[in-house]
Every structure is written in structure tokens, then in C-alpha cells.
Protein chains: 2
Amino acid sequence: MHGGAHIGFIGLGVMGRSMAGHLLAAGNSLRVFARRKETARDLLDGGAVWAESPAALAENCEIVFTMVGFPQDVEEVYLGTHGLIAGMRPGTVLVDMTTSTPELAERIAAAAAARGGAALDAPVSGGDKGAREAALSIMVGGELSAFERVMPLFLVMGLNIVHHGPAGSGQHCKLCNQIAIAANMVGVCEAMVYARRSGLDPEKVLKSITGGAAGSWSLSNLAPRMLAGDFAPGFFVKHFIKDMSIAAAAAARMGFDLPGLALALSLYRKLAGRGHENDGTQALYRLYQKGE
Amino acid sequence: MHGGAHIGFIGLGVMGRSMAGHLLAAGNSLRVFARRKETARDLLDGGAVWAESPAALAENCEIVFTMVGFPQDVEEVYLGTHGLIAGMRPGTVLVDMTTSTPELAERIAAAAAARGGAALDAPVSGGDKGAREAALSIMVGGELSAFERVMPLFLVMGLNIVHHGPAGSGQHCKLCNQIAIAANMVGVCEAMVYARRSGLDPEKVLKSITGGAAGSWSLSNLAPRMLAGDFAPGFFVKHFIKDMSIAAAAAARMGFDLPGLALALSLYRKLAGRGHENDGTQALYRLYQKGE
């Protein structure tokens, strides 16, 4: 545990609340801001201090973490009139843990450097569970000296923390993660569809195939939910579409094709178009069901 | 270990040789046949007896295993003039461990039943390594009484043995396995392509993503070979194309679309068209490299 720093946390969704809670429990002085103040209730009861804006929060913090929704939210929190960049002091390190665009991460890093501080992009994988259990994988881009300064706090939230290179590198790595998941979700889903349509017992199929070369986290964890008709979100369809869109745009800009990603993105967009954007990603199975 | 039965083995490729070797070592009386007699050398030295044809082999065996290449090979070995069906005695059980079509498995089962015996389809996963270590997953279709009779011998070759239903069910299950692998190979490959093209160190990316929701057998085992440019076959591109083609045809006949499978199949056919059909499946990475 590492305590005693003056830190800030912005964005108190399911994951952000857990992560901020660990930082507070480790003995740090914590300031928080969120779009809806009620999401901060437990943290405020536990001793955190409310800030009226990102700028106001940044004025009093050495290190600020953000975990918001979409790149436009990141842009507003960092570069808006009352944003972090406007309020930060020289020497402050800003750490965006949202999955966002590599380009925005580069712009924010440049803006922070111009104010005498630094910014890291540090998206995570591991979901609610990883956040709750302080077992996240954290993929970091930005200046090495800033990374080393934040490392003790990363270790309060995660287990597998890797520095990938300059600003934007953390986002690029997270996009690799999402690209691998995207096509695999299609494969897992199609294997379960084939099992059912060919008259097999899909549970027995999982018993035969989960431990071998077809095995994956998604097959072990999401295929059983598909079969049970449990489409409740672990990870939202709308957020997965955001991430895949960022990856597809980045690949296009760099000049290469990723047809598996393109297929997964088109299927998930179809799913969202049918009203399932707030389902979990395993709801892809719905698209293959008759009548959907 | 289960020994003492009069059994036969046809098809002595890398996997078949290991599997037949385990059956012989367990104390069974073993007759063998293969297209090329020299592949039987070690088994014959160890006490196995050569048969001049599948029919001649079947005349002297209670249980016969086959592990050949393509459905047309299965058809010839079973239904040809000097095939197993022609030579089998009443009560014999024939067990095809080749990955082949569910329809052919049904035809063979009917033909075996008409001769007073039975046939099982029992394709495997686990590859060379699983065959060598007697750790295969075996997916079985056909009559339950025949399955129970062969079970002690399955246990000499494999660890995870599941009966999936009537003739053809083992093949259907194996196709589920290949469908899950197919789209995932595309995802693993595209993640590595993105990593390299975006300037990341792909080894560090694997460190960040292998243990989480992007994790899979293929990511752990084949992505490192992609990065090392090691395209030597574990599992041949040409065999994977065969399996995916069978699955795609079966799905089409049953009346549903599997777009992820269709994409993977089209990419692997393109790869084979460029002369890489005898590479391992990780060679898909070649397609995404500049100049390929």
C-alpha cells in the first residue's frame, strides 16, 4: 500500500468507484469529481473531498486519475474551459485510464507538458471484477519518469502494469486487446450457434472444447451466459463498439486492413441498432438467434 | 491401462503413430495398415502385425481405429472394395478419429450396423502433443453401448472423453471446436499486426493482454510464433481449410450463416493460394505482412 499523496479521481462509474476506493483506503488524501455527485457518496463518507470542477480539483492535486466514458468526455474533462489542463500546477501528473484515442492522448500529453506537468494514458483491462479486486492490467503510455512516479499508485489498483512507450502507447495496447477480443467473440458465438443448431448439447460441447486449442477467456466466461440467455452487462455493447471504432479508425489512418475487426464491428453495430446497446457483449449471440 | 484386446489401427501419421503406440504399450494385440508401410516400422518392431488391406485387418479385430487425412480417405478406408466394412465381422466396432463430415459418419454407422457391428465417430483435439502425451480430448458420436465398449481404449489415448449423441455428433462437436478457433485466429493475428504497425513492442503487448479477457490458447501459443516468424506446422493450413470447409458446408445445409467462419476460411484459402498450405495455422500472420 502506498499512502500520503494528494491525489484526485474523476469519473465514478462502477470501475472508477472501486479504483478510487482503493486509493483512499491506501491512506491518500483524495479529491473527487463526477458528472453526478451522488456517485461520490460512499467516497465522501469515507473522507474524500468534493471538487466543483476538474480545474478546481487539479489545483490541489499532485496526481489526478480519470476514468470516464467516451473520448469526447475525456476531451472535455482535460481540455474544456474548466478542465484539468486549465487548473493543473507545474509538476502535476494527469493519468487517463479511460479507453480513448491514441491521438487525444498525444494532444493531452503535449498540453500537460506545456503547463510544466505530464500526462499518461493508462487504460485497463479486467472489468468490474478486476477493479474491485485491485487486479487490473494497466497499459501505460507517456514519459517514463511520470510513469515511475505514479507506479506505487498503479500498484494499489492493479497487478500487471506495463509501460509501452510514448504518449498514446497505452491506448494502442488496449486497442490490441480489444481487437483480439472482437473476432474471438464472433468465433465463440458461432461455435455455440453451430452446437445448438446441429442438435448437440452445448454444455457438453463446452466440456469437450474449453480446455484445448479453442479455449479462451470468452469461451469460458461468456459462452455459458449466452447459453443461459443471460445478456446482462459485464462489458457494455456500446462501449465495445466505441473501442472497436477507435481501433478501426486508427488502423485505417495507419493504412492497413483488419477484416476480422471490421466484421465484428459491423455485427455489433447491427446488434446495437436492434436496441441492445446496453446489453453485455455476449448478447452478440442474439443476432444469430431466429427471429432477432 | 487396458490390454488384451485384438485391435487395429489404420493411418500412421504423426498423431496416429503416437496413439497406436499407446494402445500397443498397454498390452493389446495390434494390427496396423497405412498407405506407406514404412510409417509402421517402429510399431512392427514393437510387435504389431501388418495387414495387407483394411478388409484384411478388420477380419481379425474386435475394435478398429482410423486416423487418416481427408473425408475421401475415410470413405475409401471404410467403404472401398477392400475396406473395413467389407472385412468386418459381426460385433466389431469401427472408430474413426479423423476430423471428417457428419454425413459420412452417419453413412458408415449405418453400413456397420447392417453388417452386425457398430461405428463411432471420435475426432480429437490436442494435436501432436496431446497424442504423444495421451492427453487428447475425444469427442464421440454413435451408439452408447459401442462407446462404453471402447471407453477403456479411449482412456489409453485421451483424458477428456465425452459422448455427444448419435452418429455424426462427434464430428459436429469437433466442428464447433474448429469454428471457435477460426475467428479467434483472425483476432489474434490482427492484434499482433496492430501492435507492430502502431510501433509497440508486441512482446510487451502480450505481457499486458495474455492474462485477461483477450486471453486464449492461440494467443498464448501461436502469437509468439507469429512474432518469431516461425510458421512450422503444429496444425497444417491445408487441414484447417478442410475442417472449416466441412463446417461451412454443414451450416449452409442446415440453413444458417456463420460470417466469422466464412471470413476465416476465405483468408486461409488466400494464404494457401500463395503457397503456404503446408505451413502451420499461425502463418495467417503472413497475409497481413507487407509484400505478401
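**Legends: how chain A meets chain B**

**View 1. Confidence in the predicted model.** Chain A averages a pLDDT of 97, and 98% of its residues score at least 70. This is a predicted model, and its scores are ipTM 0.96 and pTM 0.96. A word of care for any view of this kind: where pLDDT is low, the predicted coordinates should not be read in detail.

**View 2. The two copies and their axis.** A turn of 180° with a shift of 0.0 Å along the axis lays chain A on chain B, with an RMSD of 0.0 Å. This is the relation of a two-fold axis. Of the interface residues of chain A, 100% are also interface residues in chain B, so the copies meet through the same surface.

**View 3. The contact between chain A and chain B.** Here 54 residues from chain A meet 54 residues from chain B. Together the chains bury about 4400 Å², and carbon and sulfur atoms give 66% of that area. What about polar links? There are 16 residue pairs in polar contact between chain A and chain B, counting pairs with both residues at pLDDT 80 or more, while zero salt bridges are found across the interface.

**View 4. The side of chain A that touches chain B.** Several elements of chain A each supply at least two residues to this side: the strands β8 (136-141) and β9 (158-165), and the helices α9 (169-197), α10 (202-209), α11 (217-221), α13 (237-254) and α14 (259-276). Look for α9(A), which gives the most, with 19 residues. Sorted by class, this side of chain A has 32 nonpolar, 17 polar and five charged residues.

Methods
Residues numbered from 1 in each chain as written. Chains lettered and ligands numbered in written order. Predicted model: local features only at pLDDT ≥ 70, side-chain atom pairs only at ≥ 80, totals over all residues. Heavy atoms only, no water. Contact = heavy atoms within 4.5 Å. Buried area = accessible area lost by both parts, 1.4 Å probe. Salt bridge = Lys/Arg side-chain N within 4 Å of Asp/Glu carboxyl O. Polar contact = N/O pair within 3.5 Å; in protein donor to acceptor, adjacent residues only side chain to side chain. Helix = DSSP H or I, 4+ residues; strand = E, 2+ residues; numbered from the N terminus. Nonpolar A, V, L, I, M, F, W, Y, C, P; charged D, E, K, R; others polar. pLDDT = per-residue confidence, 0-100. Least-squares fit on C-alpha atoms with pLDDT ≥ 70 in both.
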